[in-house]
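Me: I have some questions about why certain terms apply to this model. Please set each term against its definition.

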Amino acid sequence: MSSLTLRPHRPIPRSTVRVVLLVRANMQRYFKHRLLFVTGFLEPFLFLLSIGVGVGGLVGGIHVEGETIPYAVFVAPGLMATSAMNGAMIDSIFNVYFKLRISHSYDAVLATPMSPTDLALGEIGWSIVRVGIYSVAFLIVMAGLGDVHSWMVIFCLPAAMLVSASFSAVGIAATTYMRTWQDFDLVMMIQMPMFLFSGVFFPLTVYPGWLQLVVSLTPLYQGVALCRDFALGHLHLWMLFNVAYLLIMGAIGLRITIRRLAILLLP
Amino acid sequence: MLKGSPERELKEFLKAVRLEFEGEGQVLYELGRKRGVVDSESKLAPAPIVECRDLVKRFDSFAAVDGISVTVNQGESFGFLGPNGAGKTSTMRMISCMSPASEGYLRVLGQDPETHGPEIRSRLGLVPQEDTLELELSLLDNLLIYGRYFDLPKKEILQRADRLLDFAQLTDRKHDKVDLLSGGMRRRLTIARALISEPDLLILDEPTTGLDPQARHLLWDRLYRLKSDGVTLIITTHYMDEAEQLCDRLVVMDHGHIVAEGAPRQLIEDHSTPEVLELRFGNVGHEEYSAGFEDLAERIEVLPDRLLLYVHDGDEVLSAVHSRGHTPERSLVRRSTLEDVFLVLTGRTLVD
Amino acid sequence: MTLGTLSTRGSSQPRIGWPTWVRAVWHNAFVYSKTWRSSIVTGLLEPFMYLVAMGVGIGSLVNKGSGGVDGVPYLNFVAPGLLAATMLQIGVSDSSFSVLGGLKWARTYFAAIATPLNYHDVLIGHLAWIAIRCSAVATAFVAVMGVFGLLASPLAILAIPAAALSALAISSPTTAIATRQDDHLSMTVVFRLGVLPMFLFAGVFFPLSRLPYWLEAIVQILPLTSGVTLCRALTLHQGLHPSLFLNIGYMLLWFGVGYYFSLTGFRKRLVI
């Protein structure tokens, strides 16, 4: 019985430690499904091969800022940003919805010293780690297929991680408002057109002027532009705008998430 | 009716035949009823609603149901009482013709589930353990799609749905999605759904498991009304109070076998004493105490946290305990229940 | 209310009317009629967005770069491919999570088999509804293609049944797989290993001749490849080559095998 008696208070771990613990818990859960983890590497590879090589062969070269580059070089960074967005959105939405509404495992976590802020940061942190791992793989595949144009492509990695942080923060915030699985389709309705029309597959110059402006203000475009500029080795002042955009969007998402989680879990 | 009329003769004949071929009796009874010779008020009782003999359900080598024989009669409320894993759900699945029997004889509504599954099911109402409702649809739509499975006309379903939602006390939630209902409401809707085809037999598999006490009592009230309305009910449960409340007759199941059968009160009388004295002594082993009381009770059960003394007069025995210098931490005198019957028969408790 | 109205006695005559499997189809149609909004994006908007993005967006690059594919503009080339790919999308999404839902989550299939329906009815209802829905979507898609002038001849109308057949050739094996899964994570793996490669390599976006020989041989095995080939031949009017009947037969084979294993899977999960 003695093991059940109350012991003196143990110090509560610091916030950063708590978040790391949650990220690790997420990670362990994910790695348990080894097949899921491994097949995740396959996805960008298949896209690069199909769109880059298959469609790229039909397109030939493409003119960007005065130079002609192979289509695969053009499309690869766009796919990288997209896969960061999809990874962040789908993973955080499904996971968070499942834990929030179905398994109620957040309730269990909150019975420990964890706070809603920790939960939010734990999910976002895991998303960054995961996208980071996959982005490294993506870069390796790019290099293997000869789609590397500039050494600066390495900066695509932090860019993709920023995209994932920003989108997962917004994604989780949206998830806290979802009541049924059907609401996911609203997310799809935003994600799908962004994927198809935010300059991943073709330059904005195919659009009329006003539409170019609209598209250049979508969240995914910021990620695509950032990754592509790094991949092609072009540095612009505009990139600061892209970064600021993603940071602000992520911060807003995080704020809403924390508030909503507190409302939902600690009524 | 004139003596010696052909009707009378046929009735006598049917009676004789029924005794001869019990299982086929229902067919002849139906035949007689269609011809107007036999009516539902007639003295000639219909064949049993459910009749099974030596029924076995095997999964690989494990026998979930191991040779049970049961007869459920028209208008009866019949219970299967037993702990989780006793084989109740497997039995229900066989009776509701969703799962073939591995061995044995089974007739439901006079027909063989193996050859007449769809026909039998068209006359059954099943309330499964899990609600199996369409969560994205409204309550009304759930009734509508279920009624359509029975090929009922839409108008008819809507009329019945109104009555049934009223019966289930869900009328004001009619257009809400099932997603938004509480567990108790979902159970009541599932019962309403099972009644949409106006079945001859309603089967309820653990109807109140997982519900809070208030929701349980509401549900019992509804089932009680069905029962007094003459609906034949089959109920499985591991709650002895539920079985006592709702069942005219029941079988106690354990490990796929039937260990006792009868009316709840009768079972208690047969297998237990009128009263039970429950004693709890601090942290000490209850075993030691039990030896000291053996002469006071008909039987003693030692549970991890208390002693059960099966006695005729609890208060009398309690004062005897006190007079022997024992002061239990807590004591309670109560009537015997089906829980005690189960304990006597199997040496285990129903709910662990 | 008097409870007498709830009486169950004397109603023992089952109505003989619609065959049981038709009731199962009706059920799916009804549920869809109430929840169609949730699939409007994946089922209807997505194919058209792809058509615009691929056909017009990438198309302008392709046409500039190599003057189209196989002698036709890229939009004409990619549109029938996307028609087949849409069938893949619907066939898979309606046969994976909805089947798992019926078997495991909401367990609505168990509600169905407690009525006069049996597990076979449930399966027929499931697949027949996919065929109906896919035919409707294919009709809309082909009509849009007609408006954009992407149909070479009236023969293109046959692309509708061809598309529906593609949907069945994909959804029946998907159903068979779903009956043998237990959670959504393993379904995700199935998507990644089965559906995505098919979508990307079965000739939807570029001709198979662009693939290395060994890969082309593998891709030919996929049911979607036959669907794409068939839809493309019918809308581009490349002539009714006898080999197209091989494609039809091959898709029927996929459907048949998938159907058989779906049936055994349903029996294992539902009848126990």
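Reply: The model is predicted. To begin with a definition, strands here are DSSP runs of E with at least two residues, and two strands pair if DSSP finds at least two bridges between them.

Me: What makes β10(B) and β13(B) a pair?
Reply: Six bridges join β10 (residues 275–280) of chain B to β13(B). The requirement is at least two bridges, so the two strands count as paired. They run antiparallel, and Leu279(B) stands opposite Ser331(B) in β13(B).

Me: Why are β11 and β13 of chain B called edge strands?
Reply: The open sheet has four strands in the order β11-β12-β10-β13 (chain B), with antiparallel pairing. β11 (299–302) and β13 (330–335) each pair on one side only. Neighbouring strands of this sheet are turned by 20° against each other on average, direction ignored.

Me: Why is Thr132(B) called a lining residue of the largest cavity?
Reply: A lining residue has an atom within 4 Å of a cavity point, and Thr132(B) is listed in the lining, so Thr132(B) meets that cut-off. Also in the lining are residues of chain C, including His27(C) and Thr108(C). α5(B) gives the most, with four residues.

Me: How do you know that the lining of the largest cavity has two charged residues?
Reply: Asp, Glu, Lys and Arg count as charged. The lining includes Glu134(B) and Arg193(B), and therefore these two fall in the charged class. The lining also has four nonpolar and four polar residues. The volume of this cavity is about 50 Å³.

Notes:
Residues numbered from 1 in each chain as written. Chains lettered and ligands numbered in written order. Predicted model: local features only at pLDDT ≥ 70, side-chain atom pairs only at ≥ 80, totals over all residues. Heavy atoms only, no water. 1 Å grid on protein atoms, 1.4 Å probe; cavity = no way out; pocket = protein on both sides within 12 Å on 5 of 7 lines; lining within 4 Å. Points joined across faces, edges and corners; volume = space filled by probe spheres on them. Axes fitted to C-alpha atoms, helices over the stretch in contact; angles between N-to-C directions.
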